[in-house]
Amino acid sequence: MQRQRPTLRSLVAVLLLTAAGPVLAHAEVEAVDPRRDAHLDVAPQRVRLVFSEPVETRFSLFKVYPLASASLGPADLVDPDFLRLNGLAAALVPGALSARDDADVRVDRGLIDTADRSADVTVALAPDLPVGAYVVMWRVLAIDGHTTQGHAVFVVRAPAQGEAE
Ligand code: CU
């Protein structure tokens with residue numbers, strides 16, 4: 001049995017590499033700023049997404065929605081349960097990405113400093129976002145023709161009671 005271990009390990013390594021291959025070919029988000037589950041004191045003015053390969057930005061969707069305040073309690077903005085917020089976001093995203101008449105809901109204000117083909121996408125946000133939870137969502141067309149989508153949540157926090165500003 002002892003002698004088989006290296007062989008098994010090599011086989012597992014090959015399988016992992018094979019499985020990873022096609023995934024690496026798509027445009028996956030490598031970085032989000034504000035980072036996922038960020039708890040911010042100050043409303044951000046933009047969101048930056050860095051993908052693993054260039055995307056066709058004119059044929060991609062980038063949206064930012066507030067998470068409905070009806071589903072949030074005051075505690076969510078002081079000490080957010082990001083697991084719960086991401087669950088709410090995951091339920092919201094498919095419909096939101098397909099919605100057309102949602103200009104009144106969206107707090108994104110178009111792309112800035114972003115080329116038509118770019119792995120580095122910056123989305124402007126409405127000024128002075130109020131305290132709340134927000135969902136950044138994207139459906140992108142990579143230059144290899146594959147579409148991927150995802151989302152990230154950030155919270156513009158309310159100060160905790162008694163906390164020094
Ligand atoms: Cu691909």
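Biologist: Which strands does helix α3 (residues 82–98) lie across, and at what angle does it run to β8?
Modeller: Helix α3 lies across β2, β4, β7 and β8. Its direction makes about 130° with β8. Keep in mind that this is a predicted model.

Biologist: How many helices and strands does the protein have?
Modeller: There are three helices and eight strands. Starting at the N terminus, the order is α-β-β-β-β-α-α-β-β-β-β.

Biologist: Now the sheet under α3. In what order do its strands stand?
Modeller: Start with the general idea. Strands of a sheet pair through backbone hydrogen bonds, either parallel or antiparallel. Here four strands form an open sheet, ordered β2-β8-β7-β4, with mixed pairing. β2 and β4 are the edge strands, and each pairs on one side only. From one strand to the next, the twist averages 20°.

Biologist: Which pairs run parallel or antiparallel around β8?
Modeller: Take β2 (residues 38–40) with β8: the pair is parallel, with three bridges. His39 has Val155 of β8 as its bridge partner. β7 (residues 132–141) and β8 run antiparallel and are joined by 10 bridges. Ala133 faces Val155 in β8. So Val155 can be located from two sides: it is the bridge partner of His39, and it stands opposite Ala133.

Biologist: What links β7 to β8?
Modeller: A hairpin, with five residues between the two strands. Look at Gly145 in the turn: its phi is positive, about 90°.

Biologist: Is β8 (residues 147–156) largely enclosed or open?
Modeller: Count its buried residues, meaning those under 20% relative accessible area. Eight of the 10 residues in β8 are buried, so the rest of the structure largely encloses this strand. For the protein as a whole, 37% of the 165 residues are buried.

Biologist: Take one residue of that strand. Is Gly150 buried or exposed?
Modeller: Gly150 sits in β8. Its relative accessibility is 16%, so it counts as buried. Beyond its neighbours within four places in sequence, Gly150 contacts Val136, Met137 and Trp138. The C-alpha atoms of Gly150 and Trp138 are 5.6 Å apart, while the two residues are 12 apart in sequence.

Biologist: And the other sheet. How are its strands ordered and paired?
Modeller: This open sheet also has four strands, in the order β1-β3-β6-β5, and the pairing is antiparallel. β1 and β5 (108–111) are at the edges with a single partner strand each, so one side of each has no neighbour in the sheet. The twist averages 20° from one strand to the next. Within this sheet, β3 and β6 are antiparallel and share seven bridges. Use Arg48 as a marker: it stands opposite Thr122 in β6.

Biologist: How do I read the nonpolar core, and which residues touch the most other members?
Modeller: The general idea comes first. In soluble globular proteins, nonpolar side chains tend to be buried together. Here the largest nonpolar core has 25 residues, and Leu49, Phe51, Phe62, Trp138 and Phe154 touch the most other members. At least two residues of this core come from each of β1 (29–33), β2, β3 (46–56), β4 (61–66), β6 (117–125), β7 and β8. A second, separate core has 16 residues, including Leu85, Val93, Leu97 and Ala133.

Biologist: What does Leu49 contact, leaving aside its neighbours within four places in sequence?
Modeller: Its contacts are Ala31, Val32, Phe62, Ala119, Asp120, Val121, Val136 and Trp138. Trp138 also appears among the contacts of Gly150.

Biologist: What share of contacts between residues at least 6 apart in sequence join residues at least 24 apart?
Modeller: The share is 70%.

Biologist: Last, the metal. Which residues coordinate the copper ion?
Modeller: Identify the donor atoms, then place them in the sequence. The copper ion is coordinated by ND1 of His26, OD of Asp144 and ND1 of His146, at 2.0 to 2.1 Å. The donor spacing in sequence is H-x117-D-x1-H. His26 is in the loop between α1 (4–25) and β1, and His146 in the loop between β7 and β8, so this pair ties together parts 120 residues apart in sequence.

Biologist: How accessible is His146?
Modeller: His146 has 38% relative accessibility, so it counts as partly exposed.

Definitions and conventions. Residues numbered from 1 in each chain as written. Predicted model: local features only at pLDDT ≥ 70, side-chain atom pairs only at ≥ 80, totals over all residues. Heavy atoms only, no water. Buried < 20%, exposed > 50% of the residue type's maximum accessible area, 1.4 Å probe, protein only. Contact = heavy atoms within 4.5 Å. Pairing = 2+ DSSP bridges. Core = buried A, V, L, I, M, F, W, Y, C linked by side-chain atoms within 4.5 Å. Axes fitted to C-alpha atoms, helices over the stretch in contact; angles between N-to-C directions. Donors = N, O, S within 2.8 Å, 3.2 Å for Na, K, Ca; no water.
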